[in-house]
Amino acid sequence: MKIVFLDRKTIGEDIDLSGFERFGEVVIYDYSAPDEVPARVEDADVIILNKVLINEATIGTAKQLKLVCVTATGTNNLDKDYLASRGIEWRNVAGYSTEAVAQHTFSLAFYLLEHLSYYDEYVKSEKYVNDRMFTHFEKHFHEISGKTWGIIGLGAIGSRVAEIAKLFGANVIYYSTSGRNHSDIYKEVDFDTLLSTSDVVSIHAPLDENTMHLIDKAALSKMKKNAILINVGRGPIIVEKDLAEALECGQIAAAGLDVLDVEPMSPENPLVRIKDSTKLLITPHIAWAAVEARQRLMKIIEGQVEEFLK
């Protein structure tokens with residue numbers, strides 16, 4: 001049995017992969033370009049990957065391949081029809097990052113809500129040194145309690161964010177992009193109502209035909225001018241050009257993003273020009289990457305391989 005991990009660095013070098021050695025030979029590559037994959041998987045029985053494209057061009061040479069494991073929830077990089085035609089099974093992982101992504105959602109929100117970049121710079125620039133008053137009121141902020149938190153996508157992560165927001169005293173409403181997720185706890189509203197009434201809008205939906213470019217110029221124009229937009233779902237849910245313009249003209253107060261249309265960030269991304277961290281906070285797709293979440297992820301993959309080999 002030969003297991004090939006094609007892009008190990010995408011889950012971090014601090015995560016122990018020695019548990020896979022009990023299944024047979026394990027070959028690990030830090031990264032794999034598409035043209036490198038065919039030779040690397042030629043005699044593989046199991047492939048483990050994160051972002052590598054899996055299709056006829058990349059795995060056509062893998063004559064004994066039986067299983068493809070994706071170290072993520074999304075499977076857009078898999079040609080499932082081709083895998084089915086070859087009788088190759090695939091697995092992905094859901095639920096491993098719920099706590100991590102929910103936590104990051106609030107990290108983004110609090111940073112923007114309380115203007116933490118401004119206050120941090122105020123102190124570090126030494127304006128607070130020997131200041132006349134013990135408090136500085138320049139940037140006003142409000143409590144989450146009593147405000148409306150609108151959630152787009154009430155899956156596992158959206159539900160966890162709703163639960164936490166409610167603990168902070170927020171009025172939680174949600175819009176189901178698929179029309180399948182419903183709740184007896186939180187109020188379901190239509191898309192326009194969510195946009196127009198929410199003080200914080202957080203996105204936790206997958207990318208599909210219902211969500212592609214969902215947040216565009218028209219959607220942003222319906223939001224409150226003091227609203228904050230958080231996206232920890234998928235980058236293309238937001239039209240980045242429209243968001244940049246909305247932030248620049250004050251259509252909304254701020255945005256916190258962990259995902260972008262193109263990752264790593266393209267120099268042509270219109271959001272590059274916004275340097276004001278009180279308006280825009282971008283993190284490099286790290287919401288899922290808490291150490292515990294990554295450890296959990298690989299334990300699940302290990303269990304999938306073990307179950308498959310039984």
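This report covers the annotated domains, the main sheet, one pocket and two backbone details of a predicted model.

**Annotated domains**

Two UniProt annotations, both from an unreviewed entry, are set out below with values computed over their residue ranges.

| UniProt annotation | Residues | Helix | Strand | Distance between end C-alpha atoms |
|---|---|---|---|---|
| domain: D-isomer specific 2-hydroxyacid dehydrogenase NAD-binding | 107-287 | 27% | 15% | 10 Å |
| domain: D-isomer specific 2-hydroxyacid dehydrogenase catalytic | 19-310 | 32% | 14% | 16 Å |

**The sheet**

Seven strands form an open sheet. Their order is 8-7-6-9-10-11-12, and the pairing is parallel. In general, strands of a sheet pair through backbone hydrogen bonds. Strand 8 (187-188) sits at one edge and strand 12 (280-282) at the other, each pairing on one side only. Strand 12 pairs with strand 11 (residues 254-257) over three bridges, in the parallel sense. Within that pairing, Leu-257 has Ile-282 of strand 12 as its bridge partner.

**Helices on the sheet**

Helix 4 lies across five strands, listed here by name: strand 6, strand 9 (200-203), strand 10 (228-231), strand 11 and strand 12. Its direction makes an angle of about 155° with strand 10. Helix 6 (residues 156-167) lies across strand 6, strand 7 (171-175) and strand 9. Helix 6 runs at about 175° to strand 6.

**The second largest pocket**

The volume of the second largest pocket is about 390 Å³. Its lining holds 23 residues. Those nearest the centre are Leu-113, His-115, Asn-226, Ile-228 and Ala-253. By class, the lining has eleven nonpolar, seven polar and five charged residues. Which elements each supply at least two residues of this lining? Helix 4 (98-113) and strand 6 (148-152) do. Both elements also appear in the packing described above, where helix 4 lies across strand 6.

**Backbone details**

Two loop residues deserve a look. The peptide bond from Glu-263 to Pro-264 is cis, with omega near -5°. Pro-264 belongs to the loop between strand 11 and strand 12. Those two strands pair with one another in the sheet. The other residue is His-213, which is not a glycine yet has a positive phi of about 55°. His-213 is placed in the loop between strand 9 and helix 8 (217-221).

Note on methods
Residues are numbered from 1 along each chain as its sequence is written. This is a predicted model: local features need pLDDT of at least 70, side-chain atom pairs count only at pLDDT 80 or more; totals for chains, interfaces and linings use all residues. Side-chain values use heavy atoms; hydrogens and water are left out. UniProt positions are given in the numbering used here, feature names are shortened, and annotations may be inferred rather than shown by experiment. Helices (H or I, at least four residues) and strands (E, at least two) are DSSP runs, numbered from the N terminus. On a 1 Å grid over the protein atoms alone, a cavity is a set of points where a 1.4 Å probe fits but cannot get out, and a pocket is an open set with protein on both sides within 12 Å along at least five of seven lines; lining residues have an atom within 4 Å of a point. Grid points are joined across faces, edges and corners, and a volume is the space filled by probe spheres set on the points. Ala, Val, Leu, Ile, Met, Phe, Trp, Tyr, Cys and Pro count as nonpolar, Asp, Glu, Lys and Arg as charged, and the others, Gly among them, as polar. Two strands pair if DSSP finds at least two bridges between them. Contact means heavy atoms within 4.5 Å. Axes are lines fitted to C-alpha atoms, for helices over the stretch in contact, and angles run from 0 to 180 degrees between N-to-C directions.
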